[in-house]
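This report is for a reader who has not met this structure before. Please look over the sequence and the model first; the notes follow them.

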Amino acid sequence: MSNKAKNTDRDLLEGTVIRSTGSWYDIKTADGKIYKGRLRGKFKLQGIKATNPIAVGDQISFYMENEVENTVVINQIEERKNYIIRQSTHKKGHMHVIAANIDLAVLIATLNMPRTSTGFIDRFLVSCESFHIPACIIFNKADLLEESQKDTLHDIMGMYQHLGYTAFSISALHDDHIDKISQLLQGKTTLIAGHSGVGKSTLINRLVPNAEQRTAEVSTFANKGVHTTTYAEMFNMDEHSFLIDTPGIKEFGILGLEEYEIAYFFPEIRAKSADCKYYDCTHTHEPGCAIIDAINNGEIAYSRYRSYLSILENEDNRR
Ligand SMILES: Nc1nc2c(ncn2[C@@H]2O[C@H](COP(=O)(O)OP(=O)(O)O)[C@@H](O)[C@H]2O)c(=O)[nH]1
Ligand SMILES: [Mg+2]
Ligand SMILES: [Zn+2]
């Protein structure tokens with residue numbers, strides 16, 4: 001991933017990419033200065049075929065190009081600790097790197113306005129498992145829940161907590177439980193994901209008062225959110241805590257996983273699969289499958305198994 005330095009004779013500065021708008025990158029140095037940077041010439045990364053060579057969260061070195069306009073040239077990218085990608089919507093077989101060097105990925109989910117399905121939550125958790133990024137779910141808009149929905153939410157949260165995932169219920173608009181969230185994010189670089197309209201910008205505005213993120217009215221038509229921002233962007237919550245907003249990102253890639261790997265990224269399936277009769281059990285039809293037994297006796301949630309099958313069957317999500 002790391003690129004060879006091209007201009008070792010120049011004075012190099014170091015910084016973090018905090019925003020990317022196509023060919024220009026906003027770069028922030030440790031002392032808080034912001035530069036506009038770009039790549040010069042060919043800049044290929046090894047490994048993945050990506051449409052964007054540099055993403056928010058990348059640590060880079062750069063040199064001044066134009067002191068008056070404060071533009072710089074990116075010289076080198078530090079090796080990434082991890083990254084999260086999705087399929088490119090423009091170029092088949094290519095990836096788009098959403099963000100790099102993440103300590104925690106938070107999915108903001110809502111039961112309604114708009115609805116986040118457990119299928120979507122599970123895909124998010126599987127991709128985080130596959131990228132080796134700890135994941136957490138924040139259920140927002142607690143204030144909108146009717147009594148019966150509160151029970152549903154309680155059950156869903158219980159299911160994920162039982163699997164080892166941190167899950168919270170908050171109301172970002174009414175400040176409920178925001179301090180718990182800021183404690184959780186302390187000292188970390190956190191990716192904030194979720195459908196458009198779930199309250200990502202609202203939460204970021206609460207956590208970073210000067211972020212001035214535009215928030216959108218959720219259009220009532222079909223409960224679909226309207227998105228206002230398009231580019232991933234990093235904010236300082238405090239000196240050591242960073243938030244990355246990922247607007248308009250519908251789905252993370254679940255890439256190149258083999259069948260056994262998909263099962264591996266479901267912790268409860270991983271834990272039980274050693275009890276299956278066949279070592280290469282796909283947990284779909286095999287006799288003596290411990291997973292199917294566990295679903296029948298209620299040890300594994302059916303919604304999780306359904307998500308497993310949907311990831312297994314959907315060719316698009318495995319490439
Ligand atoms: N009732 C309620 N509305 C919320 C809450 N959080 C956000 N919203 C509203 O939901 C809409 C979408 O929020 P926004 O932050 O723009 O969502 P984003 O697309 O995920 O960034 C806005 O009208 C917010 O005011 C909440 O906790 N309760
Ligand atoms: Mg937003
Ligand atoms: Zn099995």
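## A pair within one helix

Y305 and Y308 are both part of helix α8 (residues 302–313), where they sit 3 residues apart, about one turn of the helix. This is a predicted model.

The ring centres of Y305 and Y308 are 6.1 Å apart, which lies within the 6.5 Å allowed for a pair. Their planes meet at 25 degrees, and because planes under 30 degrees apart count as stacked, the pair is stacked. Y305 has a relative accessible area of 9% and is therefore buried, the limit being under 20%. Y308 is buried as well, with a relative accessible area of 0%. Y305 and Y308 also belong to one aromatic cluster, together with F266 and Y302.

## A pair between strands

The count of aromatic pairs comes to 6. One of them joins Y35 and F62, whose rings are 5.1 Å apart from centre to centre. With 55 degrees between the planes, the pair of Y35 and F62 is tilted.

This pair links distant parts of the chain, as Y35 belongs to strand β3 (residues 34–38) and F62 to strand β4 (residues 59–66). The two residues are 27 residues apart. Are Y35 and F62 buried or exposed? Both are buried.

## A charge over a ring

R270 is placed over the face of Y264. The distance to the ring centre is 4.9 Å.

## The zinc site

Which residues coordinate the zinc ion (ligand 3)? The donors are C276 through SG, C281 through SG, H283 through ND1 and C289 through SG, at 2.1 to 2.4 Å. Along the sequence, the donor residues of this zinc ion follow the spacing C-x4-C-x1-H-x5-C.

The 4 donor atoms subtend angles of 102 to 114 degrees around the zinc ion (ligand 3). Four donors count as tetrahedral if all angles lie between 85 and 135 degrees, so the arrangement here is tetrahedral. For four tetrahedral donors, the ideal angle at a metal is 109.5 degrees. Two of the donor residues can be described further: C281 is buried, at a relative accessible area of 11%, and H283 is buried too, at 3%.

## A serine in helix α1

S130 is found in helix α1, which covers residues 118–130. Its relative accessibility is 17%, so S130 counts as buried, the cut-off being under 20%. Leaving aside residues up to four places away in sequence, S130 touches L257 and F265.

Terms used: Residues are numbered from 1 along each chain as its sequence is written. Chains are lettered from A and ligands numbered from 1 in the order in which they are written. This is a predicted model: local features need pLDDT of at least 70, side-chain atom pairs count only at pLDDT 80 or more; totals for chains, interfaces and linings use all residues. Side-chain values use heavy atoms; hydrogens and water are left out. Rings of Phe, Tyr and Trp (its six-membered ring) pair if their centres lie within 6.5 Å; planes under 30 degrees apart count as stacked, over 60 as edge-to-face and the rest as tilted. Helices (H or I, at least four residues) and strands (E, at least two) are DSSP runs, numbered from the N terminus. Buried means under 20% relative accessible area, exposed over 50%, partly exposed in between (1.4 Å probe, protein chains only). A charge sits over a ring if NZ of Lys or CZ of Arg is within 6 Å of the ring centre and within 35 degrees of the ring normal. Contact means heavy atoms within 4.5 Å. Donors are N, O and S atoms within 2.8 Å of the metal (3.2 Å for Na, K and Ca); water is not among the atoms, so sites may look incomplete. Four donors count as tetrahedral if all angles lie between 85 and 135 degrees; four count as square planar and six as octahedral if opposite donors are over 155 degrees apart and all others between 65 and 115; anything else is irregular.
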